[in-house]
Amino acid sequence: MSSNPQDPQGLLSLADSTRRRRRRRRGRRSLDQRRRTPADLDDCLESVIKQRLSQRGHVEEDNVDQIFAEFDLRDALMNDPSFTALLDLKKDDVHMKLRCLLTNPNFSSEELEKYYPPICWDSEKSLDFLCLLSERLSWRPPEDSPQYRAAESRRQSLRRELESRKQQIFNGKSIDDIDQNLTQESQYDDESVKDLLRFVRNKWWHRLQLPEQFVGGDGGRLFYDYLHGLFPDLLMVSYRAASGICAKESWFANFR
C-alpha cells in the first residue's frame, strides 16, 4: 500500500480498506490453509448456521417460532470444535500478554488500567494499529488548511513522545537486530522509533513480499510474534502515546 492520506479521515478509510482486503484474502485461501488457520467468529457462526439449516426439515409459517425456540445459538457455538479452538487460542494469547505486562516494571498498575485495549487485540489489529500510527507520523495537512497548525503540533508531540521512550522500546536492541532478509530493501535509522514503525508498515502493507512463513494462514500472528519477541514494549508504548495525543482523531476511533 503506497497511498498517503490527505486527512485523518483518510487514515480511517485505510483501516477500513485493510479489513476489507483481509476478508477477501480469507475467502481466497485454499481449503488446506483454512484447515490450518484458526476460524474467526464469523466462520464459526457460518458453520453452526449451515448445520442447523441442513437439519431444518419442512418449514411452514406456523412453525418458525418453534424452530427458533429449539435453536440455542450459544449452545451450538459452545459445542462447535472450531469455536472452542478459537476461544482457547484467544485465552492463550491474552494470558501471554497479561503475563508479560504484569511482570513488566515499565508499566504501572494505573497505566495498565488505562491503556489495556491492546491486550484484547489479535495480531492483525495490532499490526494495523502500528501501521496507521506510522502513517500518522508522516501525515501533514496542506499548510493553508485550518487544521494545519493543530494537526502538525500533535504530529510533532507524538514523535517526541515516542522517541523519548526509545530506550524502553528498543531495550538494548535496534532495527539492525531484525533479520536482514526483512530489512535489506529499505534504509532505516537503527535507533529511530519512527523508522521501526515505518519498517512494520512497509512489511505489513506489502506482506505478500514477506518470507513464506509470514504469508497467508498464520502469517500475521507469526510476524507479530517475531516483532514482539524483539520489541515487546512497542505496542503498549505506542498505544499510550497515541491515546494521549490522537484520541480524538478519526483514525484512532477503531482502537479505543
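Here a biologist and a modeller talk through a predicted model of a protein chain.

Biologist: Let's start with the overall build. How many helices and how many strands are there in the protein chain?

Modeller: Reading from the N terminus, every entry in the run of elements is an α: α-α-α-α-α-α-α-α-α-α-α-α-α-α. So the tally under the DSSP-based assignment is 14 helices and zero strands.

Biologist: What share of the residues is buried?

Modeller: A residue counts as buried when its relative accessible area is under 20%. The protein chain has 256 residues, and the buried part of them comes to 41%.

Biologist: And what share of the contacts joins residues at least 24 apart?

Modeller: Here we look at contacts, meaning heavy atoms within 4.5 Å. Taking those between residues at least 6 apart in sequence, the share joining residues at least 24 apart is 67%.

Biologist: I always check the cysteines. Is C131 buried or exposed?

Modeller: Take C120 first: with a relative accessible area of 45%, C120 is partly exposed. C131 has a relative accessible area of 0%, and because the cut-off for buried is under 20%, C131 is buried.

Biologist: How many disulfides does the count come to?

Modeller: The rule asks for a pair of cysteine sulfur atoms within 2.5 Å. By this rule, the count is zero.

Biologist: On to α8 and α9. How do they lie relative to each other, parallel or oblique?

Modeller: Their axes are 8 Å apart and the packing angle is about 120 degrees. The perpendicular class runs from 65 to 115 degrees and the antiparallel one starts over 145. That leaves α8 and α9 in the remaining class, therefore oblique.

Biologist: Which residues of α9 meet α8 there?

Modeller: α8 passes α9 in a left-handed crossing. From α8 come L133, R136, L137 and S138. The residues in this contact divide into five nonpolar, one polar and four charged. On the α9 side, the ones that meet α8 are A151, R154, R155, L158, R159 and L162.

Biologist: S138 caught my eye. Which residues is S138 in contact with, leaving aside neighbours within four places in sequence?

Modeller: S138 lies in helix α8 and is partly exposed, at 28% relative accessible area. Its C-alpha is 9.7 Å from that of R159, a residue 21 places away in sequence. With the sequence neighbours left aside, the contacts of S138 are R155, K194 and R201.

Biologist: Where is R140, and what does R140 contact beyond four places in sequence?

Modeller: R140 sits in the loop between α8 (123-138) and α9 (148-164), and is partly exposed at 44% relative accessible area. The C-alpha atoms of R140 and A151, eleven residues apart along the chain, are separated by 7.2 Å. Beyond four places in sequence, R140 is in contact with E152 and R155.

Biologist: Last one. At what angle do α8 and α13 pack, and how does their contact divide by class?

Modeller: Helix α13 covers residues 219-230, and it packs on α8 at about 60 degrees with the axes 8 Å apart, which makes α8 oblique to α13. The crossing is left-handed. S123, S126, L127 and L130 of α8 touch G220, R221, F223, Y224 and L227 of α13. By class, that contact has five nonpolar, three polar and one charged residues.

Note on methods
Residues are numbered from 1 along each chain as its sequence is written. This is a predicted model: local features need pLDDT of at least 70, side-chain atom pairs count only at pLDDT 80 or more; totals for chains, interfaces and linings use all residues. Side-chain values use heavy atoms; hydrogens and water are left out. Buried means under 20% relative accessible area, exposed over 50%, partly exposed in between (1.4 Å probe, protein chains only). Helices (H or I, at least four residues) and strands (E, at least two) are DSSP runs, numbered from the N terminus. Axes are lines fitted to C-alpha atoms, for helices over the stretch in contact, and angles run from 0 to 180 degrees between N-to-C directions. Angles under 35 degrees count as roughly parallel, over 145 as roughly antiparallel, 65 to 115 as roughly perpendicular and the rest as oblique. A crossing is left-handed if the near helix is turned anticlockwise from the far one by less than a right angle, and right-handed if clockwise. Ala, Val, Leu, Ile, Met, Phe, Trp, Tyr, Cys and Pro count as nonpolar, Asp, Glu, Lys and Arg as charged, and the others, Gly among them, as polar.
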